[in-house]
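The following exercises concern empty space and nonpolar packing in a single protein model. Each task is followed by a solution in steps.

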Amino acid sequence: MVLPIYLYGQPVLRETAQVVDLNEKAEIDKLVQDLWDTLAVADGCGLAAPQVGISKRMVIVDGTGLTDTYDYLEGFKKTLINPVITQESEECSIYSEGCLSVPGIYADVRRPKKITVEYYDEKLQKHVEEFDNFAARIVQHELEHLDGGLFVDDVAPIRKKLISKKLAGIAARKIQTRYKSR
């Protein structure tokens with residue numbers, strides 16, 4: 001089922017998400033499917049459960065639409081349940097990011113270039129996986145949502161000041177999105 005995407009200003013986006021109970025397989029399956037359905041309509045490259053109003057530690061990532069630019073993202077489509085970053089590189093990269101919960105705003109964000117993540121997939125199989133380059137960026141962006149963070153928290157102070165009116169407009173719902181939002 002396609003769910004509304006919660007926009008900047010909604011309290012659920014600032015909460016620390018709860019650990020997913022791996023014994024609740026039916027609930028997990030439903031949420032995974034709802035996230036994929038919602039992402040397909042919203043046309044993004046990732047979505048975290050808090051972005052659809054569900055404060056659970058689950059994200060999905062899909063880089064397959066970016067293969068024209070990043071050919072190594074071929075087949076990069078994953079569900080990460082209870083993910084934890086266990087390592088991050090000292091080397092960082094800066095790239096302009098956007099977010100379905102912060103529509104119309106893009107800003108440069110500095111993130112580690114390589115990370116290692118421990119997580120469960122949708123079949124509840126445990127993985128320890130290394131992500132680098134743009135795959136690492138997508139995963140880090142989504143995992144930030146699980147701890148109540150948004151990419152706009154990571155921008156330079158001057159940039160944050162420049163986008164503050166736009167953020168206030170989003171929080172006041174003075175915008176329209178091409179997808180169902182709340």
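**Exercise 1.** Into how many nonpolar, polar and charged residues does the lining of the second largest pocket divide?

*Solution.* The model is predicted: local features require pLDDT of at least 70, side-chain atom pairs count only at pLDDT 80 or more, and totals for chains, interfaces and linings use all residues. Residues are numbered from 1 along each chain as its sequence is written, and side-chain values use heavy atoms, with hydrogens and water left out.

Step 1. On a 1 Å grid over the protein atoms alone, a pocket is an open set of points with protein on both sides within 12 Å along at least five of seven lines, a cavity is a set where a 1.4 Å probe fits but cannot get out, and lining residues have an atom within 4 Å of a point.

Step 2. The second largest pocket has a volume of about 250 Å³, a volume being the space filled by probe spheres set on grid points joined across faces, edges and corners. Of its 14 lining residues, Ile-85, Gln-140, Leu-143, Glu-144 and Asp-147 are the closest to its centre.

Step 3. Count Ala, Val, Leu, Ile, Met, Phe, Trp, Tyr, Cys and Pro as nonpolar, Asp, Glu, Lys and Arg as charged, and the others, Gly among them, as polar. The result is six nonpolar, two polar and six charged residues.

**Exercise 2.** Which element gives the most to the lining of the largest pocket?

*Solution.* Step 1. The largest pocket, of about 690 Å³, is lined by 33 residues, including Asp-43, Gly-44 and Cys-45.

Step 2. Helices (H or I, at least four residues) and strands (E, at least two) are DSSP runs, numbered from the N terminus. Helix 2 gives the most to this lining, with six residues.

**Exercise 3.** Which residues line the largest cavity?

*Solution.* Step 1. The search of the whole structure finds one cavity of 30 Å³ or more, and the largest cavity has a volume of about 40 Å³.

Step 2. Its lining consists of Val-20, Asp-21, Glu-24, Glu-27, Ile-28, Leu-31, Lys-56 and Met-58. Helix 1 (residues 25-42) provides the largest share, three residues.

**Exercise 4.** Which residues of the largest nonpolar core touch the most other members?

*Solution.* Step 1. A nonpolar core joins buried Ala, Val, Leu, Ile, Met, Phe, Trp, Tyr and Cys residues through side-chain atoms within 4.5 Å; buried means under 20% relative accessible area (1.4 Å probe, protein chains only).

Step 2. Among the 19 residues of this core, they are Leu-73, Phe-76, Leu-80, Val-117, Phe-131 and Val-139. Helix 2 gives the most to the core, with seven residues.

Key. Buried < 20%, exposed > 50% of the residue type's maximum accessible area, 1.4 Å probe, protein only.
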